[in-house]
Amino acid sequence: MAKGVSRRRLRRAATALVAAAAVGATVLTGCGGLVDDGSAGGAGHSRRGPSPASVWDTGPSSVAAVGDSITRGFDACSVLADCPEVSWATGTDDAVRSLAVRLLGPSKAASHSWNHAVSGARMAQLPEQMALAAKERPELVTVMIGANDACRDTVDLMTPVADFRASFEASLRQLRAKAPGAQVYVSSVPDLKRLWSTGRENPLGKEIWKLGICRSMLADADDMSAAAVARRDAVQERVVAYNGVLKDVCATDIRCRYDGGAVFDYRFTGEQLSRWDWFHPGLDGQARLAEIAYRTVTAAGPSA
């Protein structure tokens with residue numbers, strides 16, 4: 001997700017905050033693990049294309065991931081740092097059991113999955129990531145992006161919905177140009193307002209937020225004035241609009257599955273959030289995302 005100041009500066013300040021909080025009291029939860037769980041007619045007949053279910057393979061043999069800091073496991077293992085080994089999509093950590101591990105098994109997941117996500121990425125950067133993923137010729141590509149388009153310094157800087165749509169359409173074109181048979185799993189953008197509501201219960205998390213994380217939603221976390229409420233509502237509305245775009249554009253591609261809003265609807269608790277910033281998914285949250293993805297990919301049909 002977006003950060004308004006340099007990562008080095010954020011890391012120094014955040015480390016100092018964490019160290020101070022650790023003296024005399026334990027205010028953070030640990031990174032505990034989680035164990036889951038038409039056909040062609042004759043002459044004179046119109047032709048119907050295959051149904052989405054008939055072309056979807058519930059057991060792809062390779063996975064490439066694109067997206068932002070969530071898919072990079074940012075803040076899941078240490079303060080203000082990526083931790084791709086716990087990524088919900090392609091990670092190898094036994095506690096998470098990533099989508100790749102669930103689909104391919106641990107040994108094959110290590111050699112047949114690729115993580116091209118970039119922390120801080122917005123939808124405008126997705127076409128480039130998708131082009132890199134296509135070079136791997138994956139059977140499945142996972143997409144989780146959009147939080148940074150809403151997480152800006154101000155509401156006015158949020159990515160316009162039309163631009164968001166154009167970049168997502170361009171991303172799918174990039175993939176289809178080089179990997180026309182690849183399947184695509186598209187995650188909804190998480191509910192940022194719910195993350196604010198949950199994370200603001202932790203004093204240290206709110207101090208980390210002051211360093212510049214998702215200001216459009218998290219700035220002045222305890223301010224309940226009309227202006228602050230309106231600002232958060234505007235971010236929420238934009239996230240809902242982004243998810244509408246993801247759903248609509250994915251529906252135009254027979255080899256694309258949207259999660260039906262499952263990630264947006266998931267009620268993250270403190271147990272699933274990063275113990276460093278109380279906003280990004282922690283180890284348990286990454287495992288939950290892997291579960292949602294696995295259910296969607298292996299379902300008999302697409303989500304509603």
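## Exercises on disulfides and a buried strand

At 32% relative accessibility, Cys77 counts as partly exposed. Keep that residue in mind as you work through this predicted model.

**Exercise 1. Find the partner of Cys77 and decide whether that partner is buried or exposed.**

Step 1. Look for the sulfur bonded to Cys77: a disulfide joins this residue to Cys83, with an S to S distance of 2.0 Å.

Step 2. Now apply the cut-off: buried means under 20% relative accessible area. Cys83 has 2% relative accessibility, so Cys83 counts as buried.

Step 3. Check the handedness. The angle about the S-S bond is -70°, and the link of Cys77 and Cys83 is left-handed.

**Exercise 2. Work out which parts of the chain the disulfide of Cys151 and Cys214 ties together.**

Step 1. Confirm the bond: the sulfur atoms of Cys151 and Cys214 are 2.0 Å apart and form a disulfide.

Step 2. Place each end. Cys151 sits in the loop between α6 (147-150) and α7 (161-178), while Cys214 sits in the loop between α9 (203-209) and α10 (215-218), so the pair ties together parts that are 63 residues apart in sequence.

Step 3. Add the surroundings. Cys151 is buried at 1% relative accessibility, and Cys214 is buried with a relative accessible area of 1%.

Step 4. Finish with the twist: the torsion about the S-S bond is about -80°, so this disulfide is left-handed.

**Exercise 3. Write down the pairing pattern of the bonded cysteines.**

Step 1. Count the bonds: the structure holds 3 disulfides.

Step 2. Add the pair not yet discussed. Cys250 and Cys256 form a disulfide with their sulfur atoms 2.0 Å apart. Both Cys250 and Cys256 are buried, and with -115° about the S-S bond their link is left-handed.

Step 3. Number the bonded cysteines of the protein chain in sequence order, and the pairing reads 1-2, 3-4, 5-6.

**Exercise 4. Describe the setting of strand β1 and name the bridge partners of Ala65 in β2 and β3.**

Step 1. Start with burial: β1 covers residues 63-67, and 5 of its 5 residues are buried.

Step 2. Sort the directions. In a regular strand the side chains alternate between the two faces of the sheet. Here Val63, Ala65 and Gly67 point one way from β1, and Ala64 and Val66 point the other way.

Step 3. Look at the neighbouring strands. β1 runs parallel to β2 (residues 113-115), joined by 3 bridges, and parallel to β3 (residues 140-144), joined by 5 bridges.

Step 4. Locate Ala65 in both pairings: its bridge partner is Asn115 in β2 and Thr142 in β3.

Notes. Residues numbered from 1 in each chain as written. Predicted model: local features only at pLDDT ≥ 70, side-chain atom pairs only at ≥ 80, totals over all residues. Heavy atoms only, no water. Buried < 20%, exposed > 50% of the residue type's maximum accessible area, 1.4 Å probe, protein only. Helix = DSSP H or I, 4+ residues; strand = E, 2+ residues; numbered from the N terminus. Pairing = 2+ DSSP bridges. Disulfide = S-S within 2.5 Å.
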